Amino acid sequence: MKVKKKSWYLTIGGILTACMLAFTALGLFWTPFDPSAMSAADRNAPPSPAHPFGCDQMGRDVFSRTLEGAGSTLTIALAVLAVGAVCGLVIGALCGYYGGPADALIMRLCDAVAAFPSVLLALVVLAVTGPGKYNVIGALGVLFIPSFARLVRGEFLKYRERDFVKSARLMGVHDLRVIFVHILPNLWPTLLSGLTIGFNNAVLAEASMSYLGIGVRPTEPSLGYMLKDAQGSLFTLPWCTAFPAAAVILLILGVGLVGEGVRERMGVAS
């Protein structure tokens with residue numbers, strides 16, 4: 001029996017991801033101060049025991065704002081990933097299994113969408129619909145569908161001619177059962193790797209659009225908007241930029257290492 005090597009990518013990435021998920025989840029339920037509350041006495045206050053991440057130019061607690069912003073960014077990224085992955089999985093599975101003219105047409109549409117940067121297309125959509133959390137989720141979610149559809153379709157093209165699939169057909173098993181019970185479970189390593197990449201892309205896309213002012217509304221929490229708000233005090237109040245930026249970087253790094261670890265384990269297993 002072949003023993004798989006221990007993946008340090010998976011170990012370190014798992015620890016980082018768990019810590020960041022705990023941090024962001026905390027912000028959904030509790031913050032030490034009201035993230036929007038301004039205090040003239042605390043304006044430009046550096047990090048201290050009372051305010052571990054310091055305060056911004058309006059006297060708002062950066063730790064509380066980072067907690068709330070990280071929770072919001074995580075929620076948006078997961079919602080975008082859910083829309084793109086679920087819809088892409090269904091489309092890719094049906095196209096890959098059945099093929100035919102419909103498959104060719106849908107794949108050409110996916111190619112056309114994928115030819116343009118997703119963030120650029122999302123900016124165009126949001127310029128029309130306006131900023132807001134749900135508009136961001138809708139715009140990015142739809143634009144993430146083609147990448148997942150092509151990923152799943154490629155795997156189904158590989159598996160649909162395998163012996164176990166042919167045997168299931170000969171036994172009269174319904175096509176939907178063949179697709180979702182016989183073939184789909186074999187795709188989980190590839191899907192997990194794709195999901196980690198998609199999650200990181202969603203975090204970066206949301207943060208980028210909020211930084212540009214076309215993502216969430218200014219009244220809604222976001223790490224990207226915090227970075228935009230602090231850009232004028234990058235050198236005078238570095239903590240206002242450092243902590244939100246660190247939250248984005250550590251979250252992406254952790255999930256990215258998990259994805260790399262999964263790919264490494266897949267390579268060892270093969």
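**Salt bridges, helix packing and a nonpolar patch in an all-helical model**

Lys 158 and Glu 155 are joined by a salt bridge in which the closest N and O atoms lie 3.3 Å apart. Because the two residues are 3 positions apart in helix α5, about one helical turn separates Lys 158 from Glu 155. The partners differ in their cover: Lys 158 has a relative accessible area of 41% and is therefore partly exposed, whereas Glu 155, at 14% relative accessibility, falls under the 20% limit and so counts as buried. These values, like those that follow, were computed from a predicted model.

The protein in which this pair is found has a secondary structure of 10 helices and 0 strands, and its elements, followed from the N terminus, accordingly read α-α-α-α-α-α-α-α-α-α. The C-alpha trace spans about 75 × 50 × 30 Å along its principal axes, and 44% of the 270 residues count as buried.

In general, side chains of opposite charge can pair when their charged atoms come close. The structure holds 9 salt bridges, and one of them is formed by the side chains of Asp 103 and Arg 153, with an N to O distance of 2.7 Å. This pair connects distant parts of the chain, since Asp 103 belongs to helix α3 (residues 100-114) and Arg 153 to helix α5 (residues 133-159), with their positions 50 residues apart in sequence. Both Asp 103 and Arg 153 are buried. Helix α5 thus carries Arg 153, which pairs with Asp 103 of helix α3, as well as Lys 158 and Glu 155, which pair with each other.

A further salt bridge is found between Arg 217 and Glu 220, for which the closest N and O atoms are 3.9 Å apart. Arg 217 has a relative accessible area of 41%, a value between the limits of 20% and 50%, and is therefore classed as partly exposed. Elsewhere, Asp 56, Arg 60, Arg 65 and Asp 229 are brought into one network by salt bridges that share partners.

The packing of two helices is described by the angle between their axes and by the distance between those axes. For α2 and α7, the axes come within 11 Å and cross at roughly 115°, so that α2 is roughly perpendicular to α7. The crossing in which α2 passes α7 is right-handed.

The same two helices also contribute to the surface, as α2 (62-98) and α7 (175-183) each supply at least two residues of a nonpolar patch. This patch has an area of about 570 Å² and is made by Val 86, Val 90, Leu 94, Tyr 98, Leu 176, Phe 180 and Val 181. The greatest contribution comes from α2, which gives 4 residues. Among the other members, Leu 176 lies in helix α7 and has a relative accessibility of 43%, which means that Leu 176 counts as partly exposed.

A contrasting environment is that of Ala 247, which is placed in helix α10 (residues 239-269). With a relative accessible area of 6%, under the 20% limit, Ala 247 is buried. Ala 247 and Gly 69 are 178 residues apart in sequence, while their C-alpha atoms are 9.5 Å apart in space.

Terms used: Residues are numbered from 1 along each chain as its sequence is written. This is a predicted model: local features need pLDDT of at least 70, side-chain atom pairs count only at pLDDT 80 or more; totals for chains, interfaces and linings use all residues. Side-chain values use heavy atoms; hydrogens and water are left out. Patches are made of residues with over 30% relative accessible area and no salt bridge: like charges are joined within 9 Å, nonpolar side chains (Val, Leu, Ile, Met, Phe, Trp, Tyr) within 5 Å. Accessible areas come from the Shrake-Rupley method with a 1.4 Å probe; for residues, only the protein chains shown count as cover. A salt bridge is a side-chain nitrogen of Lys or Arg within 4 Å of a carboxyl oxygen of Asp or Glu. Buried means under 20% relative accessible area, exposed over 50%, partly exposed in between (1.4 Å probe, protein chains only). Axes are lines fitted to C-alpha atoms, for helices over the stretch in contact, and angles run from 0 to 180 degrees between N-to-C directions. Angles under 35 degrees count as roughly parallel, over 145 as roughly antiparallel, 65 to 115 as roughly perpendicular and the rest as oblique. A crossing is left-handed if the near helix is turned anticlockwise from the far one by less than a right angle, and right-handed if clockwise.
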